Amino acid sequence: MNARTLTGACYCEAIHYAVADKFVYAANCHCSDCRRTTGSAFKPFAGIAREELRVTKGMEQLMVFGDENANNTHCRICGSLLYSVVRNGAFVHVAMGTLVDAPSIRPGAHIFVGSKAPWFTITDDLPQYDAHAEAG
């Protein structure tokens, strides 16, 4: 059975992407890098194999910070963080706020809580990890 395809876009809609709704994991990351790239208390993201995401509009507007195998990919026009390439280029962490369609997955944990913003209080019951989530 094929997974449905979700769409996503940056704030100014210069860039659109499509991604299969078969994310492997999702979390809220509180690390200082995610806070700075989003301008928020944390980054809700969903992880998926890199080949499951494709840019459908605006490829020339991508602005990549990093290299082919580890980067944050933004819109060159509006600055929106669309996704991060991680795990030696094998996965992407899609910034869930850029999804137009609702994914079937929800964040299952808070990670890097050891470096979260001191002004933010986590008020849900999701597991919290000082660094990466522990493998089960």
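A disulfide is taken here as a pair of cysteine sulfur atoms within 2.5 Å. In this predicted model, the count under that rule comes to zero disulfides. The sulfur of C12 has its closest cysteine sulfur in C10, at 3.8 Å, and therefore lies too far away for a bond. A comparable situation is found for C34, where the closest cysteine sulfur, that of C29, is 3.7 Å away and hence also too far for a bond. The surroundings of C12 and C34 were characterised by relative accessibility: C12 is partly exposed, with a relative accessible area of 35%, whereas C34 counts as buried at 11%.

With regard to strand pairing, an open sheet is formed by three strands in the order 1-2-5, with antiparallel pairing. Strand 1 (5-9) and strand 5 (53-57) are the edge strands, each pairing on one side only. Averaged over the sheet and with direction ignored, neighbouring strands are turned by 30 degrees against each other. Strand 1 and strand 2 (residues 16-20) run antiparallel and are joined by five bridges; within this pairing, A9 stands opposite H16 of strand 2.

H93 is placed in strand 9, which spans residues 91-95. The residue H93 is buried, its relative accessible area being 13%. A polar contact of 2.8 Å links the side chain of H93 to the side chain of Y25. When neighbours within four places in sequence are left aside, the residues in contact with H93 are Y25, K43, F45, A46, G47, L82, Y83, S84 and V86. Y25 thus appears both in this set of contacts and as the side-chain polar partner of H93.

Methods: Residues numbered from 1 in each chain as written. Predicted model: local features only at pLDDT ≥ 70, side-chain atom pairs only at ≥ 80, totals over all residues. Heavy atoms only, no water. Helix = DSSP H or I, 4+ residues; strand = E, 2+ residues; numbered from the N terminus. Buried < 20%, exposed > 50% of the residue type's maximum accessible area, 1.4 Å probe, protein only. Polar contact = N/O pair within 3.5 Å; in protein donor to acceptor, adjacent residues only side chain to side chain. Contact = heavy atoms within 4.5 Å. Pairing = 2+ DSSP bridges. Axes fitted to C-alpha atoms, helices over the stretch in contact; angles between N-to-C directions.
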